[in-house]
Structures are given as structure tokens and as C-alpha cells.
Amino acid sequence: MSKVCQITGKKAITGNNVSHSKRRTKRKFNVNVSNRKFYWVEQGQWIRLTVSAAGLRNINRMGLDAALKKAAKEGHLTEIKTLAK
């Protein structure tokens, strides 16, 4: 699975490693993502999301339902994995 946050849409970007002699080689800046389970009160079920640290702060600030609606509107939310009870 690719390292893309389902809430913010953050993904890896490329840049350069710069040595002391200023030689540049390509490198990748990965996103701090983790798989988390959340209880979605409005639907009454557990869901699993891949979220970044910034996505977790958005969920804490806005609430899960509002964050999911915003992510779906912006096109970041591709699929929600629901967990059977």
C-alpha cells in the first residue's frame, strides 16, 4: 500500500541529499503515516484509515465525521475499510 494519508492527501516527495562537497543525489521524503482504527459514531462502526500525524491532528480538532466529509470532498479519501463487529 502506498504511503498516502487518506485525510490530508499527503504523499512522498523527492529531493536531494547534499553532501559536504555539494554533490547532489536523489532521495525521497516519506510521510509519517500509520494505520489507525477509529470508531465512527455516526455510522456506529469501526473503520481503519491510513493517516499522517497531521491527519490525526485534523481528526482531533474537527472530529472524525467532519474530517471524513472534507477528505471525501477534496478527493483524498479513496476507500474506508470497515471492521466487522
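Helices, taken as DSSP runs of at least four residues, are numbered from the N terminus. The exercises below concern a predicted model.

**Exercise 1. The salt bridge**

Determine how many salt bridges the whole structure holds, which residues form the pairing, and how these residues are placed in helix α2.

*Solution.*

Step 1. Recall the principle: side chains of opposite charge can pair when their charged atoms come close.

Step 2. Apply the cut-off: a side-chain nitrogen of Lys or Arg must lie within 4 Å of a carboxyl oxygen of Asp or Glu. A search of the whole structure with this criterion yields one salt bridge.

Step 3. Identify the partners. The salt bridge joins K69 and D65, whose closest N and O atoms are 3.3 Å apart.

Step 4. Consider the positions in the helix. K69 and D65 are four residues apart in α2, and therefore about one helical turn separates them.

Step 5. Compare the surroundings. K69 has 55% relative accessibility and so counts as exposed, whereas D65, with a relative accessible area of 16%, is buried.

**Exercise 2. The two sides of helix α1**

State which residues of helix α1 are buried and which are exposed, and explain why the buried ones lie on the same side.

*Solution.*

Step 1. List the buried residues. In α1, which spans residues 53-62, these are A54, G55, N58 and I59.

Step 2. Examine their directions around the axis. The four residues cover an arc of only 145°, so they are on the same side of α1.

Step 3. Turn to the other side of α1, where R57, N60 and R61 are exposed.

Step 4. Find what the buried residues pack against: the partners are β3 (33-40), β4 (45-52) and α2 (64-74).

Step 5. Take N58 as an example from helix α1. Buried means under 20% relative accessible area; N58 has 17% and therefore counts as buried. When residues up to four places away in sequence are not counted, N58 touches I7, T8 and G63.

Step 6. Note the backbone at G63, just after α1: this residue takes a positive phi of about 100°.

**Exercise 3. The largest nonpolar core**

Describe the largest nonpolar core: how many residues does it have, and which element supplies the largest share?

*Solution.*

Step 1. Give the count. The core has 13 residues, and I7, L49, L64 and L68 have the most contacts inside it.

Step 2. Assign the contributions. At least two residues of this core come from each of β3, β4 and α2. The largest share belongs to α2, with four residues.

Step 3. Inspect L68. With neighbours within four places in sequence left aside, L68 contacts I7, W40, I47, L49, L77 and I80.

**Exercise 4. A nonpolar patch on the surface**

Name the residues that make the nonpolar surface patch, and classify V41 and Y39 as exposed or partly exposed.

*Solution.*

Step 1. Name the members. Y39, V41 and W46 make a patch of about 320 Å².

Step 2. Locate and classify V41. This residue is in the loop between β3 and β4; at 60% relative accessibility, V41 counts as exposed.

Step 3. Do likewise for Y39, which belongs to strand β3. Its relative accessibility is 38%, so Y39 counts as partly exposed.

Step 4. List the contacts of Y39. Residues up to four places away in sequence aside, Y39 touches G44, Q45, W46 and L64.

Step 5. Set sequence beside space. Y39 and K26 are 13 residues apart in sequence, and their C-alpha atoms are 40 Å apart.

Note on methods. Residues numbered from 1 in each chain as written. Predicted model: local features only at pLDDT ≥ 70, side-chain atom pairs only at ≥ 80, totals over all residues. Heavy atoms only, no water. Buried < 20%, exposed > 50% of the residue type's maximum accessible area, 1.4 Å probe, protein only. Arc of directions from axis to C-beta. Contact = heavy atoms within 4.5 Å. Patch = residues over 30% accessible without salt bridge, like charges linked within 9 Å, V, L, I, M, F, W, Y side chains within 5 Å. Areas by Shrake-Rupley, 256 points an atom, 1.4 Å probe, with all protein chains shown as cover. Core = buried A, V, L, I, M, F, W, Y, C linked by side-chain atoms within 4.5 Å.
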